[in-house]
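Trainee: Please take me through one part of this model at close range. Start with a single residue, then work outward to the helices and how they pack.

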Amino acid sequence: MDIKIENGEKVLFIGDSITDCGRRGEFSPLGNGYVKFFSDMLIVNFPEKKIEIVNKGISGNTILDIVNRWEDDVIYQKPDWLSIMIGINDIHRVLRKSDMWTEFTPENYRKRFDYILKRTSEKLNCKIILIEPFYISTDRTDNFRGKVLKDLEEYIEIVEEMSKKYETYHLKMHRIFQKYLNFFEPEIFAPEPVHPNPTGHFLIANELFKLLLK
């Protein structure tokens, strides 16, 4: 068993609070979520490899925030591998009709996702992993949670579209969580649908690890 990440390479993760997980405070520099778990899995399985892990998640971010910091937090870093997970805050802003909510529609999500991937392909020679946004709930009613689950599908389709267009790796994390919810209640993985607990974060890290095995 080996992993596609080579000795000496840099892996950069960018996203919102799910990626951040306290990496700018108490749990610096990797946070205490899936990024840290993934790093630990590399250490215990491939101790001979020196792989640099960088966490650039920021709590509350949308795709617009990602665009505004792309040059500093991604292009400047020159990663060999880049993982992107973003979108749940965009969906929430649209549903709640928050300030500037029209900036976060699926159309703008697609446009900005396309921009950052095009910019990356022009400036960097890195492999990209797109982790689709997820929502850990089984609510199919007209309640807010049900509406999030319904609207999420369009954003996931955009991630899949971008993955095909730019030939990236694609981690279908929402569908994976939904599969597990056939066997466990949502609170096994998260206290509320957005932010995983350690078990939920371990599942993300484990699926990412399996995706990158040779």
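Mentor: Asp73 contacts Leu12, Ile14 and Lys56, once its neighbours within four places in sequence are set aside. Keep in mind that this is a predicted model. Asp73 sits in helix H4, residues 70-75. Its relative accessible area is 14%, so Asp73 is buried, the cut-off being under 20%. The side chain of Asp73 also has a polar partner: a contact of 2.7 Å joins it to the side chain of Arg69. Now look across to Tyr166. Asp73 and Tyr166 are 93 residues apart along the chain, and their C-alpha atoms are separated by 20 Å.

Tyr166 leads to helix H7, since Tyr166 is among the H7 residues that touch H6. Before that pair, take Arg112, which lies in helix H6. Arg112 has 11% relative accessibility, so this charged residue counts as buried. Its side chain makes a polar contact of 2.4 Å with the side chain of Glu103. Glu103 appears again in the wider list: beyond four places in sequence, Arg112 is in contact with Ile63, Leu64, Val67 and Glu103.

Next, the packing of H6. Two packed helices are described by the angle between their axes and the distance between the axes. Helix H6 spans residues 106-123 and helix H7 spans residues 144-166. Their axes are 10 Å apart, at an angle of about 25°. H6 is therefore roughly parallel to H7, as angles under 35 degrees count that way. The crossing of H6 and H7 is right-handed. On the H6 side, the contact is made by Pro106, Tyr109, Arg110, Phe113, Asp114, Leu117, Lys118 and Ser121. On the H7 side, Glu154, Tyr155, Ile158, Val159, Glu161, Met162, Lys165 and Tyr166 take part. By type, the residues of this contact of H6 with H7 are nine nonpolar, one polar and six charged. As background, an α-helix has 3.6 residues a turn, so residues three or four places apart point the same way.

H7 has another partner, H5. Helix H5 covers residues 88-95, and six of its eight residues are buried, so H5 is largely enclosed by the rest of the structure. The buried ones are Ile88, Asn89, Asp90, Ile91, His92 and Val94. What covers them includes helix H3 (63-68), H6 and H7. Just after H5, Lys97 takes a positive phi of about 50°.

How do H5 and H7 meet? Their axes come within 10 Å and cross at roughly 125°. That angle makes H5 oblique to H7. The crossing of H5 and H7 is right-handed. From H5, the residues in the contact are Ile88, Asp90, Ile91, His92, Val94 and Leu95. From H7, they are Phe144, Lys147, Val148, Asp151, Leu152 and Tyr155. This contact of H5 with H7 divides into eight nonpolar residues, one polar and three charged. Tyr155 is worth marking: it is listed in the contact with H5 and also in the contact with H6.

Now turn to H2 and H9. Helix H2 runs over residues 34-45 and helix H9 over residues 198-211. Their axes come within 8 Å and cross at roughly 50°. H2 is therefore oblique to H9. The crossing of H2 and H9 is right-handed. H2 contributes Tyr34, Phe37, Phe38, Met41, Leu42 and Asn45 to the contact. H9 contributes Pro198, His201, Phe202, Ile204, Ala205, Asn206, Leu208 and Phe209. The make-up of the contact of H2 with H9 is eleven nonpolar, three polar and no charged residues.

Finish with Phe46. This residue lies in the loop between H2 and strand S2 (52-57). Phe46 has 4% relative accessibility, so it counts as buried. Not counting residues up to four places away in sequence, Phe46 touches Met1, Asp2, Ile3, Phe209 and Leu213. Of these, Phe209 is also one of the H9 residues in the contact with H2. Ile3 is 43 residues from Phe46 along the chain, and the C-alpha atoms of the two are separated by 8.4 Å.

Conventions
Residues are numbered from 1 along each chain as its sequence is written. This is a predicted model: local features need pLDDT of at least 70, side-chain atom pairs count only at pLDDT 80 or more; totals for chains, interfaces and linings use all residues. Side-chain values use heavy atoms; hydrogens and water are left out. Axes are lines fitted to C-alpha atoms, for helices over the stretch in contact, and angles run from 0 to 180 degrees between N-to-C directions. Helices (H or I, at least four residues) and strands (E, at least two) are DSSP runs, numbered from the N terminus. Angles under 35 degrees count as roughly parallel, over 145 as roughly antiparallel, 65 to 115 as roughly perpendicular and the rest as oblique. A crossing is left-handed if the near helix is turned anticlockwise from the far one by less than a right angle, and right-handed if clockwise. Contact means heavy atoms within 4.5 Å. Buried means under 20% relative accessible area, exposed over 50%, partly exposed in between (1.4 Å probe, protein chains only). A polar contact is a pair of N or O atoms within 3.5 Å; within protein, one must be able to donate a hydrogen and the other to accept it, and residues adjacent in sequence count only if both atoms are side-chain atoms.
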